[in-house]
Amino acid sequence: YEVVRVSSNLVVVPVSVTDAKGQPVLGLKATDFRLEEEGRAQEIAELGNPEQLPLDIAILLDVSGSVDARFAFEQQAAAGFLKQVLRAGDRATVFAIDEKPRFVQELTSAAHAAEKLMAVTSAKGFTAFFDTVLEAARYLEKSSGAGRRKVIVVISDGDDTARMVDLASEQNREATLKITGKEAQLRLIDRSVLEVQREVQRAEITFYSINPSGNTMHLNVRTARAEQGMQKIAEATGGAAFVPARLEELNEMFNRITAELRSQYLLQYYSNNDSPSGKFLRIKVNLPAQPQLRIRARQGYYPKKGGR
């Protein structure tokens, strides 16, 4: 007789559910959720407990000139967050967003990562925001094993001045570019956001950002677009983009990320989609009986070659 091989891949979707006040909602069951892949309803095989899947968190701290005044406070808040959120078996890695991505500490314990984070010094240079997120995503994809939740937490205004410098020199070379500087900058941001979003989605990472510049980000079109870019990446991956109005609210934002990571629902299902690897598959999660609750889940994933 013939053996029928079913190629089905286990997909794990971390889902955060919050109420109108932003507080995590606990106690939901698998039957409360509806999950679709490419428009087709999927059977949820298991609702995992977040404690079962250890965390690997990359903290990306902006050390460039634009954040100088708030730097020490941000550092302490981020170090406190690591000690609070990480449990035994969880790990953290640290990157500095400098003129070039600066790899500060490989995956390690909370105490060690916090210590390394506190030793990072601020700089006065340009901000290589996008390249640092890309490097962190690639590092997590390579170094974080299966069965671990991968998270990037960025403390930055997201305004990448390093790529702007490259753009300026490029435009000087090509005087034929009949495009105003501002338009070119905004196009560059949009292109870069899409590039980073793809990599973060491919690595199955949840992206969070905290923009400590508060409402001053609206001062110019470019910094506003930079914040929108971080929101797009967060939304696509099931994370969140926070903009505290005052620096003192930074700890509160970190507390919200901690609460969320500790109370996520891990929806697990077997996908029978035989699309070629490399094709992005869209996921949609909702709570049919409780539409008033807010759900955050990644918008999809790239199937891995030869199963997951």
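How many nonpolar, polar and charged residues does the lining of the second largest pocket have? By class, the count comes to nine nonpolar, six polar and seven charged residues. The structure here is a predicted model, and this pocket is a handy place to start looking at it. Its volume is about 430 Å³. The lining is made up of 22 residues, and those closest to the pocket centre are Glu235, Gly239, Arg294, Ile295 and Arg296. Several secondary-structure elements chip in: helix 6 (221-237), strand 10 (240-242), helix 7 (250-262), strand 12 (281-286) and strand 13 (294-297) each provide at least two lining residues. Strand 13 is the top contributor, with four residues.

Helix 7, one of those contributors, runs for 13 residues and spans 19 Å from first C-alpha to last, close to the 18 Å expected at 1.5 Å a residue. Its buried residues are Leu250, Met253, Phe254, Ile257, Thr258, Glu260, Leu261 and Arg262. So this list takes in Glu260 and Arg262, each of which falls under the 20% relative accessible area that counts as buried. Helix 3 (residues 129-143) can be described in a similar way: 15 residues reach 21 Å between the end C-alpha atoms, close to the 21 Å expected at 1.5 Å a residue. Buried in helix 3 are Phe129, Phe130, Thr132, Val133, Leu134, Ala136, Ala137, Tyr139 and Leu140.

Strand 12, another element of the pocket lining, also belongs to an open sheet of four strands, ordered 3-2-12-14 with antiparallel pairing. At the edges stand strand 3 and strand 14 (300-301), and each has a single partner strand, so one side of each goes without a neighbour in the sheet. The pairing of strand 12 with strand 14 is antiparallel and rests on two bridges. On the strand 14 side, Gly300 is the bridge partner of Arg282.

Turning to charged contacts, the structure holds 19 salt bridges. Side chains of opposite charge can pair when their charged atoms come close. What does Glu38 form a salt bridge with? The partner is Lys279, and the closest N and O atoms of the two are 3.8 Å apart. Glu38 sits in the loop between strand 2 (34-37) and strand 3 (40-42), while Lys279 sits in the loop between strand 11 (265-271) and strand 12, so the pair ties together parts that are 241 residues apart in sequence. Both ends are partly exposed: Glu38 has a relative accessible area of 33%, and Lys279 comes in at 37%.

Two further pairs each join a buried acid to a partly exposed arginine. Glu36 forms a salt bridge with Arg34, with 2.9 Å between the closest N and O atoms. Glu36 is buried, at 18% relative accessible area, whereas Arg34 is partly exposed, at 37%. Arg102 is bridged to Asp98, the closest N and O atoms being 3.0 Å apart. Here Asp98 is buried, with a relative accessible area of 13%, and Arg102 is partly exposed, at 29%. Elsewhere, salt bridges that share partners link Glu51, Arg87, Asp90 and Arg262 into one network. Arg262 in that network is also one of the buried residues of helix 7.

Conventions:
Residues numbered from 1 in each chain as written. Predicted model: local features only at pLDDT ≥ 70, side-chain atom pairs only at ≥ 80, totals over all residues. Heavy atoms only, no water. 1 Å grid on protein atoms, 1.4 Å probe; cavity = no way out; pocket = protein on both sides within 12 Å on 5 of 7 lines; lining within 4 Å. Points joined across faces, edges and corners; volume = space filled by probe spheres on them. Nonpolar A, V, L, I, M, F, W, Y, C, P; charged D, E, K, R; others polar. Expected span 1.5 Å × (residues − 1). Buried < 20%, exposed > 50% of the residue type's maximum accessible area, 1.4 Å probe, protein only. Salt bridge = Lys/Arg side-chain N within 4 Å of Asp/Glu carboxyl O. Pairing = 2+ DSSP bridges.
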